[in-house]
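Subject: Structure handover and findings

Hello,

Here is the structure for you to look over. Please open it first, then read the notes beneath it.

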Amino acid sequence: HLIAGHDTTYAFLYESETGAVVRELGPHAGLIVGAAISPDNRTVATLAMTENLLRFWDMATGVLQTSIALPSSKILLQDSALAYSPDGTIIAVGWFGGITTYATAPDGATTASGTEMSNFEKAHQNAKNIRFAKHTGEMIVQWLDVVDVFEAAASSTNGTGPLSVRWSVPVPDSSWSFNAMDVSQSGKEIALGYMGMGTTANDIRIYVYDGTEMPDFSFSLSGHTMAVSHVAWTHQDNALVSASVDGTLRVWRVSERAESKRIDLGASALVEQVAVSNAGLVAICFLGEAKLYTVWTSAECRPSGAGTMLGVESCSKAAFIAKGCVETACGQLQCPGSFEREARAMCSHIDQYKVSR
């Protein structure tokens, strides 16, 4: 599923393949600034300004399970962060001045006490993005001028108390600030976007991280003409989606270090959230509005049905259609799930992902 809902009092849960709204979670007393789905797909956590509540919803029924009142000292901003650990045992909340972790039950909801596990304070800085490296279990946090990688022991239920920073990645230029971050599904690549002076400040920088050494800069993705506001990896780690103040949404083929798709959102578009489902749908949240796109074309559309979605380049679509595939309105092919191996043999120039319900 796909969760979205920034700048509204409801969080909207979308079916990852069709884009149909499955649940409307709310209302909240304030605007939603964070939402996350537990790794076992049983619970949705939401975070809203004003009310300072961390809420947990049953994903199957949409019923509120429990909530935690955050202390008034933990000020939530419009771009505060919320994230589950890969095993679902903790949930991390970012606020202006620090981060706090809470223990979670097996279903992704909080333990009965709702007691804070760990705290980390960073004066006058907002924790804008929180992600976890799946291969190490480490928590990675984006601040204004640094990205911190925290010790794995402090990022799990085995360790309470202060969180400990293992590595810190500073901004490449002192006149820049971090504006966007996402960690790949494998946890081995970190994509960073910036705000600053000079054309290279508009690039996306990819860092590699194997867990044994500090994240190392690998290469840049160039094309945006203004600051990058959001980045999001696809679930296959073969593409990266980015949004920019220049009014465009772009899809990048990371292995080729090249832009593959561009969507014009409009010069006045103010993007608040970018999320990608496992079926390639991209949710873009504007002020009080969410739109769904596909990574395959610049057309606003929603794939439907089950099977395997294919994006074909330099190959005959007719040959695939003759094998039972159907071309969607967005230009990609929807094929039977059993067709995967034959499809790769017919054309090596395809992007492919399995649709799952």
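The notes below go through strands, salt bridges and two loop residues.

One thing up front: this is a predicted model.

**Strands β5, β6 and β7**

Start with strand β6, residues 53-58. Of its 6 residues, 5 are buried, so the rest of the structure largely encloses this strand. On one side, β6 pairs with strand β5 (residues 43-48). The two run antiparallel and are joined by 6 bridges. β5 and β6 make a hairpin with 4 residues between them. In that turn, T50 has a positive phi of about 70°.

β6 also pairs with strand β7, residues 64-69. This pairing is antiparallel too, with 5 bridges. The β6 and β7 hairpin has 5 residues between its strands. There, G62 takes a positive phi near 80°.

R55 is a handy marker in β6. Its opposite residue in β5 is T46. In β7, S67 stands opposite R55.

**H28 and its surroundings**

Which loop holds H28? It is the one between β3 (21-25) and β4 (32-37). H28 counts as buried, because its relative accessibility is 5% and the cut-off is under 20%. The H28 side chain makes a polar contact of 2.8 Å with the side chain of T46. Leaving out neighbours within four places in sequence, H28 touches T9, Y10, A11, T46, A48, E51, R55 and W57.

Two residues in that list, E51 and R55, pair with each other. Their side chains meet in a salt bridge, 2.8 Å from N to O. Are these partners buried or exposed? E51 counts as buried at 16% relative accessibility. R55 counts as buried as well, at 12%.

So the picture around H28 joins up as follows. T46 meets the H28 side chain in a polar contact. T46 also stands opposite R55 across the strand pair. R55 is in contact with H28 and holds the salt bridge to E51.

**Other salt bridges**

How many salt bridges does the structure hold? The count is 7.

K122 forms one with D148, with the closest N and O atoms 3.6 Å apart. K122 sits in strand β10 (residues 116-126) and D148 in strand β13 (residues 146-150), so the pair ties together parts that are 26 residues apart in sequence. D148 counts as buried, at 2% relative accessibility.

R131 forms another with D182. Here the closest N and O atoms are 2.6 Å apart. R131 lies in strand β11 (residues 129-132) and D182 in strand β16 (residues 177-183), so this pair links parts that are 51 residues apart in sequence. R131 is partly exposed, with a relative accessible area of 25%. D182 is buried, with a relative accessible area of 9%.

There is also a network of salt bridges. It links D246, R250, E259 and R262.

**The four-stranded sheet**

Strand β16, which holds D182, belongs to an open sheet of 4 strands. The order is β16-β17-β18-β19, with antiparallel pairing. Which strands stand at the edges? They are β16 and β19 (216-221). Each has a single partner strand, so one side of each is left without a neighbour in the sheet. Neighbouring strands here are turned by 30° against each other on average, direction ignored.

Inside the order, strand β17 (residues 189-195) pairs with strand β18 (residues 204-208). That pairing is antiparallel, over 4 bridges. In it, I190 stands opposite Y207 of β18.

**S85**

The last residue to look at is S85. It lies in the loop between β8 (82-84) and β9 (90-103). S85 is buried, with a relative accessible area of 3%. What lies 3.2 Å from a polar atom of the S85 side chain? It is the backbone nitrogen of T89. Setting aside residues up to four places away in sequence, S85 touches P39, I90 and F132.

**Where to look**

If you view two spots, try H28 with its T46 contact, and the R131 and D182 salt bridge.

Best wishes

Terms used:
Residues are numbered from 1 along each chain as its sequence is written. Side-chain values use heavy atoms; hydrogens and water are left out. Buried means under 20% relative accessible area, exposed over 50%, partly exposed in between (1.4 Å probe, protein chains only). A polar contact is a pair of N or O atoms within 3.5 Å; within protein, one must be able to donate a hydrogen and the other to accept it, and residues adjacent in sequence count only if both atoms are side-chain atoms. Contact means heavy atoms within 4.5 Å. Two strands pair if DSSP finds at least two bridges between them. A salt bridge is a side-chain nitrogen of Lys or Arg within 4 Å of a carboxyl oxygen of Asp or Glu. Axes are lines fitted to C-alpha atoms, for helices over the stretch in contact, and angles run from 0 to 180 degrees between N-to-C directions.
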